[in-house]
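Subject: Structure handover

Hello,

Here is the structure I promised you. Please open it before reading on; my notes follow below.

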Amino acid sequence: GMGRASLAILKGNFTEAFQYNILSIPFTLFIIASVCWLVYDVIKEKDTFFRTINKKINTNYLIILAVIILSSWIINIIRGI
């Protein structure tokens, strides 16, 4: 559902994207922001993006992220998507 949802967002259909996958909007925004950040690093000849993503993530954040993803997955199964 995430692929179909991302395509729906790119077409401007946010309602359809939300119906496919609740996490599609933040996921797509994250991807767009990451690409912009990478382009900025290339233009400015910096390495801030990779230094940031290579930092160790707090275990509590990983648990919260896992619960959110699992919840979204369960919701999509219940809805039959």
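A residue is called buried under 20% relative accessible area, exposed over 50%, and partly exposed in between. Take L65 with that in mind. L65 sits at 46% relative accessibility, so this residue counts as partly exposed. Its place is in helix α5, residues 59-79. L65 and I9 are 56 residues apart along the chain. Their C-alpha atoms are separated by 22 Å. Please remember throughout that this is a predicted model.

**Helices α1 and α3**

I9 belongs to α1, on the side of the contact with α3. Helix α1 covers residues 2-10, and helix α3 covers residues 24-44. Their axes come within 9 Å. The crossing angle is roughly 70 degrees. Angles of 65 to 115 degrees count as roughly perpendicular, and α1 and α3 are therefore roughly perpendicular to each other. The crossing of α1 past α3 is right-handed.

Which residues of α1 and α3 meet? From α1 come M2, A5, S6 and I9. From α3 come S24, I25, F27 and T28. By class, this contact of α1 with α3 has 5 nonpolar and 3 polar residues. It has no charged residues.

**A17 in α2**

Helix α2 spans residues 14-20, and A17 is found there. Is A17 buried or exposed? Its relative accessibility is 0%, so A17 counts as buried. Set aside its neighbours within four places in sequence, and A17 is in contact with A5, A8, I9 and S24. Of these, A5 and I9 also appear on the α1 side of the contact with α3. S24 appears on the α3 side. A17 and L7 are 10 residues apart in sequence. From C-alpha to C-alpha, A17 and L7 are 7.9 Å apart in space.

**Aromatic rings**

How many aromatic pairs does a search of the whole structure find? The search finds 2. One of them joins W37 and F49, edge-to-face. Their ring centres are 5.1 Å apart, with 85 degrees between the planes. W37 lies in α3 and F49 in helix α4, residues 48-53, so the pair ties together parts that are 12 residues apart in sequence.

F49 also pairs with F50. Here the centres are 5.3 Å apart and the planes stand at 85 degrees, so this pair is edge-to-face as well. Ring pairs thus link W37, F49 and F50 into a cluster.

The cluster residues can be sorted by accessibility:

- W37 has 32% relative accessibility, so W37 counts as partly exposed.
- F49 has a relative accessible area of 9%, so F49 is buried.
- F50 has 42% relative accessibility, so F50 counts as partly exposed.

**A backbone point at E45**

Most residues other than glycine have a negative phi. What is phi of E45? Its value is near 55 degrees, which is positive in a residue other than glycine. E45 lies in the loop between α3 and α4. At 74% relative accessibility, E45 counts as exposed.

Best wishes

Technical notes
Residues numbered from 1 in each chain as written. Predicted model: local features only at pLDDT ≥ 70, side-chain atom pairs only at ≥ 80, totals over all residues. Heavy atoms only, no water. Axes fitted to C-alpha atoms, helices over the stretch in contact; angles between N-to-C directions. Helix = DSSP H or I, 4+ residues; strand = E, 2+ residues; numbered from the N terminus. Parallel < 35°, antiparallel > 145°, perpendicular 65-115°, else oblique. Left-handed = near helix turned anticlockwise from the far one by under 90°. Contact = heavy atoms within 4.5 Å. Nonpolar A, V, L, I, M, F, W, Y, C, P; charged D, E, K, R; others polar. Phe/Tyr/Trp six-rings, centres within 6.5 Å; stacked < 30°, edge-to-face > 60°. Buried < 20%, exposed > 50% of the residue type's maximum accessible area, 1.4 Å probe, protein only.
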